[in-house]
Amino acid sequence: MASPPARFVATSDLVSVRASGGVPRRGRAGRRTVCSDPFEHDRKVARVVHDLRARRSIRPLVRQKRAASHMVARPHDRRRTDDKLDIRDLNAILAIDPAARTCVAEPGVTFVDLVAATLPYGLAPAVVPELETITIGGAVAGGSIESTSFRHGGFHDTCLAYEVVTATGEVLTCTPDDDPLIFEMMHGTFGTLGVLTKLTFRLIPARPWVHVVHQRFDQLDAFLAAMRAHQRADDVDFMDGMIHAPDELVLTVGRFVDEAPASAGAPAGRDTGEAYLTTEAYYFRDRGVGHGKRWFRVGALRRIGQWFQRLVRADRPDLTLDVMVPLSRAPTFLAWYQRTIGHYPVGCTPYRPGHRYEWLAPAVFAGVTDDLYVDLAVAGAAQPAGRNYYRELERALAGFGGVKTLGSHNYYDEHEFWRTWNQPNYARVKRRTDPHNVLRDLYDKTCRASQGRA
Ligand SMILES: Cc1cc2nc3c(=O)[nH]c(=O)nc-3n(C[C@H](O)[C@H](O)[C@H](O)COP(=O)(O)OP(=O)(O)OC[C@H]3O[C@@H](n4cnc5c(N)ncnc54)[C@H](O)[C@@H]3O)c2cc1C
């Protein structure tokens, strides 16, 4: 039997991150990941507050963080010329509590550094996006989903408290009990309601290996039924799928295990058979280990950054986005998708929202009784001349109780937009946290400015 990774040693008696013996440790990209000075965070936040209060300009303001953004590149994005609020130093893990299974960290911490810091305690974040450099702040503000989402929802559903600095420089601590609406609305509002400066979130027990099994189907109904059966039986730790064609579907399930055969670590074939991966290799499969998945085609391109943006056709960008539909409506939605767009593969990840999210309008949930949704991810579908797949999806989704993520191209008109997103809740929090609208309004940021519209 192969040994578990040497550094994966569960400990039980460390209460906060003092493991570095007072010396900050460095993450993979050389960033400081563990902070042992309890006052350093407060000094950083005081600097952010000072910068906000000293500001006289009324130009829009965006955060400048250290890790690269994972929003889909948009060639005429006006936000690139917005003023910058420097939060590049907010990237430390402040505490890991193995007994309570919680972690406190700054928003710029990347998932790869977080996983590296928590695994030695036998713990991991409950939801780990598969791209290493997605940050915890971005995962809350922009949304996140992964193969544990059938159990835990999005990363934000595992959060217990946020420290938020408002646009006027006020520091708030929000929890589901204290300032609950601000707490809930920080998710999915793309940083337009304040700056996340500290997050407290749950960790789950993790083991050294993940045993991955691919199950093949030739019918959507059987594929979705298997997904539902695993969720009800709660007999797997990880679950996601890939629709290669309407009659070629692969459900991938994973279970934490303590040991693996000597051959472990070898990738499985193209969505067939089984594999044993170290837990870290499983989390960051985008590096080419195991099966490719959602966003996989654009993953490498995204890192090329500005250069890539010039190549993206402004008038007809490829279709790269996630949509979320209730599980019971997935068959009719996918039949529409096959007739209308028909691009494959489509990533398919089951997602159980923690509750009916406050940032969505009640109309979105009308007639929906599902507790489980599926996130459907498309990457790199070329659009034929005269078509706008994004717009067609926006119109169609309303009829399916579905929602599109806003991290890609958006063409909603304002009235239509606020039929899906919850304007009364948004306006209530906006008045409190950004009364002068320096962080842009959600519609303006995601549908107008990002599309290059004034
Ligand atoms: C190529 C690609 C691959 C992806 N892969 C995955 C995946 O595997 N799993 C998954 O779940 N998602 C994935 N996504 C989606 C991704 O998780 C979201 O876009 C997420 O928001 C990106 O976070 P980020 O750290 O890159 O933040 P950014 O892209 O920098 O920011 C996202 C949004 O959050 C806001 N924000 C960032 N930090 C803060 C803060 N401190 N306070 C307030 N607002 C803030 C920003 O203003 C912005 O509006 C992918 C996206 C792309 C383009």
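1. Let's start with one pair of strands. Strand β13 (residues 319-326) lines up with strand β15 (residues 373-381) in the antiparallel sense, and 7 bridges join the two. If you want one spot to look at, find P326: this residue stands opposite Y373 in β15. Do keep in mind as you click around that this is a predicted model.

2. Now zoom out to the sheet. β13 and β15 belong to an open sheet of 8 strands with antiparallel pairing, and the order across it is β12-β9-β11-β10-β14-β15-β13-β16. Which strands stand at the edges? They are β12 (274-278) and β16 (403-404). Each has a single partner strand, so one side of each is left without a neighbour in the sheet.

3. Next, follow β9, which sits between β12 and β11 in the sheet order. With β11, β9 makes an antiparallel pair over 9 bridges, and there you can spot F217 with its bridge partner L249 in β11. With β12, β9 also runs antiparallel, this time over 5 bridges. Here V213 is a handy landmark, as it stands opposite E274 in β12.

4. There's a helix to look at here too. Helix α6 (residues 220-233) lies across four strands: β9 (209-217), β10 (238-245), β11 (248-257) and β14 (346-351). What angle does α6 make with β11? The helix runs at about 15° to that strand.

5. Have a look at the loop between β10 and β11, where you'll find P246. Is P246 buried or partly exposed? Count the neighbours: there are 16 other C-beta atoms within 10 Å, and a residue needs 20 or more to be called buried, while 12 or fewer would make it exposed, so P246 comes out as partly exposed.

6. Stay with P246 for a moment, and check who is around it. Leaving aside residues up to four places away in sequence, P246 touches L220 and Q338. Q338 is a nice case of chain folding back: P246 and Q338 are 92 residues apart in sequence, yet 7.9 Å apart in space, C-alpha to C-alpha.

7. Last, the inside. The largest nonpolar core has 107 residues, and the ones with the most contacts inside it are I93, A105, V140 and M186. β15, our strand from the opening point, gives the most to this core, with 6 residues. To see one of the well-connected residues up close, pick A105: not counting residues up to four places away in sequence, A105 touches I93, L94, L114, I136 and L199.

Notes: Residues are numbered from 1 along each chain as its sequence is written. This is a predicted model: local features need pLDDT of at least 70, side-chain atom pairs count only at pLDDT 80 or more; totals for chains, interfaces and linings use all residues. Two strands pair if DSSP finds at least two bridges between them. Two residues are in contact if their C-beta atoms, placed from the backbone, lie within 7 Å. Axes are lines fitted to C-alpha atoms, for helices over the stretch in contact, and angles run from 0 to 180 degrees between N-to-C directions. A nonpolar core is a set of buried Ala, Val, Leu, Ile, Met, Phe, Trp, Tyr and Cys residues joined through C-beta atoms within 7 Å.
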